[in-house]
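The following paragraphs lead the reader through one protein model. The sequence and the coordinates are best kept in view throughout.

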Amino acid sequence: MFEQIKLDYGFDALEPYIDSETMATHYGKHHAAYTANFNKFAEQAGKTGESVENILAGVKEIEDPELRAGLRNNGGGYYNHNLYFRQMIPGGSKLPTGALAKKIDDTFENFDAMKEKLTALAMGQFGSGWAWLSKTSDGSLVISRTDNQENPISLKTGHTPIMCIDVWEHAYYLKYKNLRASYVEALWNVINWDVVGELYEA
Ligand code: MN
């Protein structure tokens, strides 16, 4: 049984950057629905004993089109939102430290340049999708974006996501309406760089 990540902060804790109603709907309705549907499709596929990462990495090989789409969309929705909600913290963010900070500087020149590039990817995503900061098997950092609930694992890039930006309208429309840029800018204020750093070093 796959379960949503437990939040160690309240729905209102990320105000004013991410509003309480959006959190309640996003976590309590959207993520809950992805999770319930993922469990349903995983059971149907006989994959309840596998990790979500394994299921997503093998999703393209599933022959039945309904099962393939069900696992890709809902398994992706389950996995992506677990990372999204895990990487946030109330009270504003600190900057990356340690190995992650050094790799960001080596790869992008500095934190602000990485932020600018990832923001541009998020802004350039046409329709629903995600922007990603991921690590490769040799510890390099890469940024990318994906459509719908795809992610670097279901696309078999070999990269492991460590931070993400949800640009589905459900992530921001209640507060920011059509202003995706305002939401993306706000999100940077609540990223928990300790968690992202742990995922980088894992
Ligand atoms: Mn979402």
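The model is predicted. By class, the residues that line its largest pocket divide into 7 nonpolar, 2 polar and 2 charged. The residues concerned are Ile5, Val52, Glu53, Tyr78, Tyr79, Asn82, Leu83, Arg86, Thr160, Pro161 and Leu199. The space in this pocket amounts to about 220 Å³. Three elements, namely helix 2 (52-57), helix 3 (65-86) and strand 3 (160-166), each contribute at least two residues to the lining. Of the contributors, helix 3 gives the most, with 5 residues.

Attention may now turn to the metal site. A manganese ion is coordinated by the NE2 atoms of His26, His81 and His170 together with an OD atom of Asp166, at 1.9 to 2.1 Å. Along the sequence, these donor residues follow the spacing H-x54-H-x84-D-x3-H. Two of the donors, Asp166 and His170, are buried.

One of the donors, His26, also marks a feature of helix 1, which bends by about 30 degrees at this residue. Helix 1 runs over residues 20-44 and has 25 residues. From its first C-alpha to its last it reaches 35 Å, close to the 36 Å expected at 1.5 Å a residue. Which residues of helix 1 are buried? They are Thr22, Met23, His26, Tyr27, His31, Tyr34, Thr35, Phe38, Asn39, Phe41 and Ala42. His26 is thus named three times in this account: as a donor to the manganese ion, as the site of the bend and as one of the buried residues of the helix.

The segment before helix 1 contains Pro16. The peptide bond that leads from Glu15 to Pro16 is cis, with omega near 0 degrees.

Two further residues deserve inspection for their backbone angles. Glu109 has a phi near 90 degrees, a positive value in a residue other than glycine. Glu109 is placed in the loop between helix 4 (98-108) and helix 5 (111-124). Is Glu109 buried or exposed? Glu109 counts as exposed because its relative accessibility is 65%, and the cut-off for that class is over 50%. Asn148 likewise is not a glycine, yet has a positive phi of about 50 degrees. The loop that holds Asn148 lies between strand 2 (141-147) and strand 3. Asn148 counts as partly exposed because its relative accessibility is 42%.

The strands can be followed through individual residues. Lys135 belongs to strand 1, which covers residues 129-135. Despite its charged class, Lys135 is buried, because its relative accessible area is 12% and buried means under 20%. How far is the C-alpha atom of Lys135 from that of His159? The two C-alpha atoms are separated by 5.5 Å, although the residues are 24 residues apart along the chain. In strand 2 the residue to examine is Val142. Val142 is classed as partly exposed because its relative accessible area is 23%. Between the C-alpha atoms of Val142 and Thr160 the separation is 9.6 Å, for residues 18 apart along the chain. Thr160 has already appeared among the residues that line the largest pocket.

Two helical residues complete the tour. Ala57 lies in helix 2, one of the elements that supply the pocket lining. With a relative accessible area of 25%, Ala57 is partly exposed. Its C-alpha atom is separated by 31 Å from that of Ile18, a residue 39 residues apart from Ala57 along the chain. Val196 is found in helix 8, which covers residues 193-201. Val196 counts as buried because its relative accessibility is 0%. The C-alpha atoms of Val196 and Leu71 are separated by 26 Å, and these residues are 125 residues apart along the chain.

Technical notes:
Residues numbered from 1 in each chain as written. Predicted model: local features only at pLDDT ≥ 70, side-chain atom pairs only at ≥ 80, totals over all residues. Heavy atoms only, no water. 1 Å grid on protein atoms, 1.4 Å probe; cavity = no way out; pocket = protein on both sides within 12 Å on 5 of 7 lines; lining within 4 Å. Points joined across faces, edges and corners; volume = space filled by probe spheres on them. Helix = DSSP H or I, 4+ residues; strand = E, 2+ residues; numbered from the N terminus. Donors = N, O, S within 2.8 Å, 3.2 Å for Na, K, Ca; no water. Buried < 20%, exposed > 50% of the residue type's maximum accessible area, 1.4 Å probe, protein only. Expected span 1.5 Å × (residues − 1). Bend = angle between axes of the 7 residues up to and from the residue.
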